[in-house]
Amino acid sequence: MEKETVDYIKNYFSNLMTNDEMLALQYHMYIQSTPEEFELEVAKRIMAETPEKVFFNNCPKCYKLARTPKAKQCRYCGHSWRDRVVAQFKLDYVFQITGRQFFLFGRIMKGEIKEGQLMDLTVLGLNKKPTIKSIEFAHRREDGKEWEDIGLGTDELTEEDKQYLKDRSSFENPFDVIVDNRKM
């Protein structure tokens, strides 16, 4: 694992470290190893135990690791992918009726969503960008209140991907809805 990747995991996914690892890094208490070796072992452990929680933001042009998980411009080739993001969607739950598409339900945080755009699910821990095949509305009642959720339908996720999303108890960060510039 490259030092750049180790630093990225340490800096942006420190919440996945154990208390002992955090204390050791904070107070420079490494037992029988150099700081670099210790950080490498921590990053390896995180990737072995919780790879689905680490989001690598790679440049869509040169595929190198961006400086931060939210960066939209490559520090290596200078490519910008800011123009690709057209909306943000806050996912609340997922659902599938037998014989129909798999739906991601939630609300639009900003922007406008249309069929044919892509859902960038990497922030949720899936390195996938499935196409929005349909948009539907669902009414639900909760605590005596009626809600209308927006469902984004796709048929491009594997059964394993679907189960991963079903098993997640919460979706804190909204995901980006993007356009595929190659089709423009």
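The largest cavity in this predicted model has a volume of about 40 Å³. A search of the whole structure for cavities of 30 Å³ or more returns one. The lining of the largest cavity is made up of Val-6, Ile-9, Lys-10, Met-17, Leu-25, Glu-39, Val-42, Ala-43 and Ile-46. By character, these lining residues divide into seven nonpolar and two charged, with no polar residue among them. Helix H1 (3-12) and helix H3 (35-49) each contribute at least two residues to this lining, and the largest share, four residues, belongs to H3.

The helices around this cavity repay a closer look. In H1, the buried residues are Thr-5, Val-6, Tyr-8 and Ile-9. Viewed down the axis of H1, these residues fall within an arc of 160 degrees, so they line one face of the helix. The partner of this buried set is H3, against which the buried residues of H1 pack. Two of the buried residues of H1, Val-6 and Ile-9, also appear in the lining of the largest cavity.

Helix H2 (residues 19-27) has Glu-21, Ala-24 and Leu-25 as its buried residues. The arc that they cover around the axis is only 95 degrees, which puts them on the same side of H2. The other side of H2 carries the exposed residues Asn-19, Asp-20, Gln-26 and Tyr-27. Packing of the buried residues of H2 is against both H1 and H3, and one of them, Leu-25, is also a lining residue of the largest cavity. Just after H2 comes His-28, with a positive phi of about 55 degrees.

Open space in the model can be described in a similar way. The largest pocket has a volume of about 1,200 Å³. It is lined by 41 residues, of which Phe-55, Thr-122, Val-123, Leu-124 and Gly-125 are the closest to its centre. The lining divides into 20 nonpolar, ten polar and eleven charged residues. Strand E1 (85-96) and strand E6 (175-178) each supply at least two of the lining residues, and the largest share, three residues, comes from E6.

The cysteines come next. A search of the whole structure for disulfides finds zero. For Cys-59, the closest cysteine sulfur is that of Cys-77, and the separation of 3.7 Å is too far for a bond, given that a disulfide requires sulfur atoms within 2.5 Å. Cys-74 is likewise in no disulfide, the nearest cysteine sulfur being that of Cys-62 at 3.6 Å. Both of these cysteines are shielded in the model: Cys-59 counts as buried because its relative accessibility is 1%, and Cys-74 is also buried, with a relative accessible area of 4%.

A final stop is Gly-116, which lies in the loop between strand E2 (102-111) and strand E3 (118-120). With a relative accessibility of 42%, Gly-116 counts as partly exposed. When neighbours within four places in sequence are set aside, Gly-116 is in contact with Thr-131 and Ile-132. From Gly-116 to Met-29 the separation is 87 residues in sequence and 52 Å in space, taken C-alpha to C-alpha.

Note on methods: Residues numbered from 1 in each chain as written. Predicted model: local features only at pLDDT ≥ 70, side-chain atom pairs only at ≥ 80, totals over all residues. Heavy atoms only, no water. 1 Å grid on protein atoms, 1.4 Å probe; cavity = no way out; pocket = protein on both sides within 12 Å on 5 of 7 lines; lining within 4 Å. Points joined across faces, edges and corners; volume = space filled by probe spheres on them. Nonpolar A, V, L, I, M, F, W, Y, C, P; charged D, E, K, R; others polar. Buried < 20%, exposed > 50% of the residue type's maximum accessible area, 1.4 Å probe, protein only. Arc of directions from axis to C-beta. Contact = heavy atoms within 4.5 Å.
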